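User: I am new to this structure and would like a close look at a single part of it, followed by an account of how that part fits into the rest. Please take your time and explain each step as you go.

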Amino acid sequence: MEWSQILVCLFCPSLALHPRKDIVVTASDDHLWKMWAFPNGNIIMTGEGHTDWLSGCCFHPSGTKLVTSSGDTTVRIWDFTKGECILTLEGHSHAVWDCSWHACGDFVASASMDNTSKIWDINSERCRYTMRGHKDSVNSIEFLPFSNTVLTSSADKTLSLWDARTGLCAQTFYGHLHSCNHATFNMKGDTIVSCDSYGVVKFWDVRRVTPMISIDAGPHPGNQVVFDPSGHLVALASNDGTVKTLNVSSGQLSSLAGHEGEVQSVVFDHRAEHLLSGGSDGTVRLWC
Ligand SMILES: *[C@@H]1O[C@H](CO)[C@@H](O)[C@H](O)[C@H]1NC(C)=O
Ligand SMILES: *[C@@H]1O[C@H](CO)[C@@H](O)[C@H](O)[C@H]1NC(C)=O
């Protein structure tokens, strides 16, 4: 893969892909999010309102709204047709690290440095459940596609699955020896991949709650990990400034060099023709 640098945002910890279109949102340390078309790199919209760094963002399943999480302890809902923030969800006592939208569009989930995650009801504008169990910062959160299961990763070295209808922890995955920075499902929902602060990547069988494979992509921290739509390839945003790709069947690891600083975020486009990566060098790079 080769890179072409297309988007320049000042700081860029997080990326989210539109559910259908070639549009990406970057959420940054400068308190703003920006929506871009790719590959041309045109800015479509900018969101201003958070009073501290943004950590995560996720599109509503219809693509008409966005949820963002921030160091200002809030979660915000943005409506693209109104071009503004329509709801601010307050309740976390520390920075919020990540957010995710449920497939039905009525609920969002958030993960915080306050060691809890929350399920928010967008219609009643209330926190429905505070999910307690992790013993340290909750670093990432994601709904299993088309399900009520929520996946969290934590600095307590574990991953957990939660039932969003009850707010209760269903499973905890033990095996990482260091803080887990991120975890995600494959499209089928039967496998989880996670990465930790020493660059170790683990694959987990969801049903058996057991680790299947462990790959050392360290020693630098892995910041985010994603499956491609086929589930055969995984990309890792590494603190060593590279994007690492991992062939799931052969275990072959490759490095994509180009960023001039830590890589914070990676996302595959819908056809897996492109991989986008966001780095602390303030660029988003498109790899094809
Ligand atoms: C979160 O967990 C850490 C590590 O166990 C602890 O030091 C901290 O006080 C906890 N934070 C809250 C808000 O409970
Ligand atoms: C992964 O490796 C296998 C075996 O070497 C190869 O056949 C396959 O094409 C590779 N897949 C990807 C997505 O690169």
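Analyst: P219 sits in the loop between strand 21, which covers residues 210–216, and strand 22. Since everything here comes from a predicted model, the values that follow are computed from its atoms and should be read in that light. The peptide bond that leads from G218 to P219 is cis, and its omega is near 15°. To see why this deserves a remark, it helps to recall that most peptide bonds are trans.

Moving on from this loop along the chain brings us to strand 22, made up of residues 222–227, and G222 belongs to it. Is G222 buried or exposed? Its relative accessible area is 0%, and because the cut-off for a buried residue is under 20%, G222 counts as buried. G222 can also be related to a residue elsewhere in the sequence, for its C-alpha atom is separated by 8.8 Å from that of C180, although these positions lie 42 residues apart along the chain.

A cis bond is also found elsewhere in the chain, where F38 is joined to P39 with an omega of about 10°. P39, too, is placed in a loop, namely the one between strand 4 (32–37) and strand 5 (43–48). The loop between strand 3 (23–27) and strand 4 holds another backbone feature, for this is where H31 is found. H31 is not a glycine, yet it has a positive phi of about 75°. A further case is T73, which likewise is not a glycine and has a positive phi of about 75°; T73 lies in the loop between strand 7 (65–70) and strand 8 (75–79). These angles stand out because most residues other than glycine have a negative phi. In terms of accessibility, H31 is partly exposed, with a relative accessible area of 30%, and T73 counts as partly exposed at 24%.

Those residues can be set beside some that lie within strands. S153 is part of strand 15, which runs over residues 149–154, and with a relative accessible area of 0% it is buried. The side chain of S153 is joined to that of S140 by a polar contact of 2.7 Å. V200, for its part, is found in strand 20 (residues 200–205), and it counts as buried at 17% relative accessibility. V200 and T166 are 34 residues apart in sequence, and their C-alpha atoms are 32 Å apart in space.

What kinds of regular elements does the protein chain as a whole contain? There are 28 strands and zero helices. Its radius of gyration is 17 Å, close to the 19 Å that the globule rule gives for 288 residues, so the chain is as compact as a globular protein of that length. Taken along the principal axes, its C-alpha atoms fill a box of roughly 50 × 45 × 30 Å, and 58% of the 288 residues count as buried.

An unreviewed UniProt entry adds a layer of annotation, listing residues 47–88, 89–130, 131–172 and 256–288 under "repeat: WD". In the model, the span 131–172 is 55% strand and 0% helix, and its end C-alpha atoms lie 13 Å apart. The span 256–288 is likewise 55% strand and 0% helix, with its end C-alpha atoms 11 Å apart.

The model also includes ligands. Around ligand 1 are H94, D114, N115, K135 and D136. By class, this shell has three charged residues, two polar ones and no nonpolar residue. N115 places a polar side-chain atom 2.3 Å from an oxygen atom of ligand 1, whereas K135 places a backbone N or O atom 2.7 Å from an oxygen atom of this ligand. Taken alone, ligand 1 exposes 360 Å², and the protein buries 40% of that.

Ligand 2 is surrounded by N247, S249 and S250. Here a polar side-chain atom of N247 lies 2.3 Å from an oxygen atom of ligand 2. Ligand 2, taken alone, exposes 360 Å², of which the protein buries 34%.

To return to the starting point, the loop that holds P219 lies between strand 21 and strand 22, the bond from G218 into P219 is cis, and G222 in strand 22 is buried.

Conventions:
Residues numbered from 1 in each chain as written. Chains lettered and ligands numbered in written order. Predicted model: local features only at pLDDT ≥ 70, side-chain atom pairs only at ≥ 80, totals over all residues. Heavy atoms only, no water. Near = heavy atom within 4 Å. Polar contact = N/O pair within 3.5 Å; in protein donor to acceptor, adjacent residues only side chain to side chain. Areas by Shrake-Rupley, 256 points an atom, 1.4 Å probe, with all protein chains shown as cover. Nonpolar A, V, L, I, M, F, W, Y, C, P; charged D, E, K, R; others polar. UniProt positions renumbered as here; feature names shortened; annotations may be inferred. Helix = DSSP H or I, 4+ residues; strand = E, 2+ residues; numbered from the N terminus. Rg over C-alpha atoms; globule rule 2.2 N^0.38 Å. Buried < 20%, exposed > 50% of the residue type's maximum accessible area, 1.4 Å probe, protein only.
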